[in-house]
Amino acid sequence: REIAVIGLGYIGLPTAIMFANAGFNVTGYEIREEVVEKINSGKAHIVEPEIDELLRKAVESGNLRATSDPEEIRGKDAYIICVQTPLREDKTPDLSYLESAVKTVAKAMKRGSLVVIESTVPPLTTVKMAKLIEELTGFKAGKDFYMVHAPERVMPGRIFKELVYNSRIFGGITPESAEMAERLYRSFVKGQTFKTNSTVSEVVKLMENTFRDVNIALANEFAFLAHQYGIDVFEAIELANTHPRVRIHTPGIGVGGHCLPKDPHLLLWPAKEDFGLIKLAREINDSMPLFTKDLLFSALKELNVPPEDATIAVLGLAYKGDSDDTRNSPALAFIEEIEGDVKAVKTYDPFVPGTSGSVEEAVENADAVVIATDHTAFKSLDWEKLGKLMRTRILIDGRHVVENPPRGFLFKGIGRGEF
Ligand code: SAJ
């Protein structure tokens, strides 16, 4: 059986690898030619545990080949679309990548092909895309071709485990479509599988990430209150979470990545009305870089350092710990907030190229260090040693990386109202 995967990014490449290593003949279609070349030489363009080994195996077995030529994906049994669905400046979804992928598939597919959309999409999109294929091909959906929304649910950093063991939802435009997709994915999925219609599965995916975003906003509001009551919010959260039905999330400098900041908007987009909670949660989470700036500037003021003379070292640019992904990173939003008001910003991220070569280099002569990402390596930094390199010893923890404030520093952390 032959499969084409459209879009070889964070989701498409691992998915293509899984199908190839399960014995399918997989052609990965990707418009970025440099990515195609890299993959065909057995090297991944993304950082993810196990990916290099699994990709090499897939390419060496001859089961995986990448291409930028749409001719090479003609007549496949299944097409799996894994392209991004970002937001425009005005927070409305940009479905142009999806539409162009669907058009490419419509040109290449044959009668009987299965088309799977893995991309996260606004409710009702899969039905619309099926109509688009009908118009372009003259085929009838559910009869001449099959179409499914099968949302990816993996967590970057754990992709190859979660692809296998997470449960999966197959939302078909017809029951037969869902069944076909379920059968296909069962070749490597060991988690539970569920079948439904495509609009339910679109909403399920968006609800999952909205749930997380709204819960993080609640945790951030608790952190905000903790500063006013002079308590450590993390102690309070840990104690509240001993209740059997309470699971409060972790407050921090903000919510980034390609999914959480965007998906609540996708969920609301086609709706005529909503209650406002989901939008408010987004606003709270988006305001956290500014809140972190307030902590930094109050510390500078306490030590009489004029912001315009201050050099700030930001540790971590990725949107979350041990990742190299800077999409919608709150670290970047924070830098944007302070850049015009301070003398200089230095950055260090062990996973992101173009930053300082070492922590020492970044903190040298700095007036403050701001931790913006919870990389594991940051948890064991020797602050006494680093402090000696700094001009002024201010430490702002945006990610609850530092448990005990180091001696000799003015320390402030999000939710750490006790200092
Ligand atoms: N974050 C917090 N507090 C928390 C949890 C996360 O501030 O308690 C922040 C992180 O630092 C990060 C952002 O939120 O900046 C998002 O991180 P994340 O770990 O919550 O999620 P992602 O974006 O890496 O992956 C999410 C996952 N969704 C859920 O857990 C419901 C993943 O399973 C999805 O597949 C993925 O979105 C996706 O692609 O939709």
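**Exercise 1. Locate Leu267 and describe its surroundings.**

Solution. Step 1: Leu267 lies in helix α10, residues 263-268; helices (H or I, at least four residues) and strands (E, at least two) are DSSP runs, numbered from the N terminus. The model is predicted, so that local features need pLDDT of at least 70 and side-chain atom pairs count only at pLDDT 80 or more, while totals for chains, interfaces and linings use all residues. Residues are numbered from 1 along each chain as its sequence is written, and side-chain values use heavy atoms, with hydrogens and water left out.

Step 2: The relative accessible area of Leu267 is 17%, so this residue is buried; buried means under 20% relative accessible area, exposed over 50%, and partly exposed in between (1.4 Å probe, protein chains only).

Step 3: Leaving aside residues up to four places away in sequence, Leu267 touches Pro123, Val203, Leu206, Thr210 and Ile278, where contact means heavy atoms within 4.5 Å.

Step 4: From Leu13, Leu267 is separated by 254 residues in sequence and by 26 Å in space, C-alpha to C-alpha.

**Exercise 2. Determine the strand order of the eight-stranded sheet and identify its edges.**

Solution. Step 1: The sheet is open and mixed in its pairing, with the order β3-β2-β1-β4-β5-β6-β7-β8. Two strands pair if DSSP finds at least two bridges between them.

Step 2: β3 (64-67) and β8 (193-197) each pair on one side only and are thus the edge strands.

Step 3: On average, neighbouring strands of this sheet are turned by 25° against each other, direction ignored. Axes are lines fitted to C-alpha atoms, for helices over the stretch in contact, and angles run from 0 to 180 degrees between N-to-C directions.

Step 4: Five bridges link β1 (residues 2-6) and β2 (residues 25-29) in the parallel sense, and Glu2 stands opposite Asn25 in β2.

**Exercise 3. Characterise β7: its burial, its partners and its connection to β8.**

Solution. Step 1: Five of the five residues of β7 are buried. Arg168, Phe170 and Gly172 point one way from the strand, and Ile169 and Gly171 the other way.

Step 2: β6 pairs with β7 in the antiparallel sense over two bridges; His149 stands opposite Gly171 in β7.

Step 3: β7 and β8 run parallel and are joined by five bridges, and Thr193 in β8 is the bridge partner of Arg168. The chain passes from β7 through helix α7 (residues 175-185) to β8 in a right-handed β-α-β crossover: with the strands pointing away from the viewer, the path from the first strand over the helix to the second runs clockwise.

**Exercise 4. State which strands helices α4 and α8 lie across.**

Solution. Step 1: Helix α4 (residues 96-108) lies across β1, β2, β4 (78-81) and β5 (114-117), at about 170° to β4.

Step 2: Helix α8 (residues 198-229) lies across β6 (146-149), β7 (168-172) and β8, at about 120° to β8.

**Exercise 5. Assess the chain as a whole.**

Solution. Step 1: The chain holds 15 helices and 13 strands. Its radius of gyration is 24 Å, close to the 22 Å from the globule rule for 419 residues, so the chain is as compact as a globular protein of that length. The radius is taken over C-alpha atoms, and the rule is 2.2 Å times the number of residues to the power 0.38.

Step 2: Of the 419 residues, 55% count as buried.

Step 3: Among contacts between residues at least 6 apart in sequence, 72% join residues at least 24 apart.
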